[in-house]
Number of protein chains: 2
Amino acid sequence: MNNQIDCDIRQSLDKISSRMRRDYNESLREINLYVGQDNLLCRLWESDGITQMQLCEHLKCEPPTVTNMVKSLEQNGFISRKRDQQDARVMRIYLTEKGRDLQASVKLKWKQQQDKLLHSFSPEERLALRDVMDRMERNLY
Amino acid sequence: MNNQIDCDIRQSLDKISSRMRRDYNESLREINLYVGQDNLLCRLWESDGITQMQLCEHLKCEPPTVTNMVKSLEQNGFISRKRDQQDARVMRIYLTEKGRDLQASVKLKWKQQQDKLLHSFSPEERLALRDVMDRMERNLY
DNA sequence: GTGATACATTTAGTCTGCTAAATATATTTT
DNA sequence: AAAATATATTTAGCAGACTAAATGTATCAC
């Protein structure tokens, strides 16, 4: 209950997430994606044709980040960009066939990563953890 | 206990850590540091004059990452680099006065971030969380 | 309808990360 | 002693993420 414990949790979370990110990125390289791009694609699997601003909101990142991600994904043929007809300021992002096809393999990778992280956690423990995570998340806002 | 819950934990962790990282980086800007540099400095506060390879191991990152971080920290006057006398391949990193002085303010920021994240968590809950984090960490290796 | 303001995106430049390949110094093998 | 190998670091180039400033387009007020 001293500072030592407090300090470790902060750093622990940091270690876990950076390790996950690293492993996950490595795994995604098999299907020619980088970590983060999967989330952007996921947004499109749920609602194809949304704007870059909407992507920003969902991904909780800034406009220049989306510009760069979108540029890279377009160059690799996973998405295409079209200017909105009504509002010429807006860019709408659409999945290509290639981008659509990634859904199954990405979701499998999510599951694999999840299984590794929570290996040996019972269903009850997972529910409790879910609850704790939500509390932490709320604390950050 | 279905896939939905599993999936959320993976993503939750990701959200929490990226949000923390973002907030933390913003907070560190007040003392002219970027997120990650605090950890490198922390290593030096504990053992000044270690080599870049030792920093790699502690920070769990690759040599080029350390090269860049060290270069930036040197340019901002927080550390200095000296070639080892015995082995001319190795670079030893030393804190400057300016780097040494940051210790107190960084540790305060750690505490503040920790307090925010775990606000409303009882000591018992923190201990339990500590345990859960360790289990997850072990699962990733 | 012109001018001010708001909004979406891009550009330029910074950081932490990474990999692959180059460089420099040490050590080991033959 | 020369060649091969190992080790430490750097360089170059890519990714996500950021800020600040520029560009292009809409809208709103007068």
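**Helix 4 of chain B and its surroundings**

Colleague: Which residues on the other side of helix 4 of chain B are exposed?

Modeller: In this predicted model, B:P64, B:N68, B:K71 and B:Q75 are exposed there. To be called exposed, a residue has 12 or fewer other C-beta atoms within 10 Å of its own.

Colleague: And what makes a residue of this helix buried?

Modeller: The cut-off is 20 or more other C-beta atoms within 10 Å. In helix 4 of chain B the buried residues are B:V66, B:M69, B:V70 and B:L73.

Colleague: How do you know that the buried residues line one face of the helix?

Modeller: Viewed along the axis of helix 4 of chain B, they fall within an arc of 100 degrees, so they line one face. In general, an α-helix has 3.6 residues a turn, so residues three or four places apart point the same way.

Colleague: What covers the buried residues of helix 4 of chain B?

Modeller: The cover includes helix 2, helix 3 (52-59), strand 1 (79-83) and strand 2 (91-95) of chain B.

Colleague: How do you know that the length of helix 4 of chain B agrees with its number of residues?

Modeller: The helix has 13 residues, and at 1.5 Å a residue they should span 18 Å. The expected span takes one less than the number of residues. The end C-alpha atoms are 18 Å apart, which agrees. Just after this helix, B:G77 takes a positive phi of about 80 degrees.

Colleague: Why is a set of residues called a nonpolar core?

Modeller: Its members must be buried, belong to the listed nonpolar kinds, and be joined through C-beta atoms within 7 Å. The largest such core has 12 residues, among them B:L40, B:V66, B:M69, B:L73, B:F78 and B:I93. Helix 4 of chain B gives the largest share of this core, four residues. A second, separate core of 11 residues includes A:L41, A:V66, A:F78 and A:L102.

Colleague: What does B:L40 touch, leaving out residues up to four places away in sequence?

Modeller: B:L40 touches B:L55, B:L59, B:M69 and B:L73.

Colleague: How many residues of chain A are in contact with chain B?

Modeller: 35 residues of chain A are in contact with 35 residues of chain B. Helix 1 of chain A gives the most to its side, 14 residues.

Colleague: Which residues come nearest to DNA strand D?

Modeller: Of the 25 residues around DNA strand D, the nearest are A:C61, A:P64, A:A88, B:Q52 and B:P64. Helix 4 of chain A gives the most to this surface, with five residues.

Notes
Residues numbered from 1 in each chain as written. Chains lettered and ligands numbered in written order. Predicted model: local features only at pLDDT ≥ 70, side-chain atom pairs only at ≥ 80, totals over all residues. Contact = placed C-beta atoms within 7 Å. Helix = DSSP H or I, 4+ residues; strand = E, 2+ residues; numbered from the N terminus. Arc of directions from axis to C-beta. Near = placed C-beta within 6 Å.
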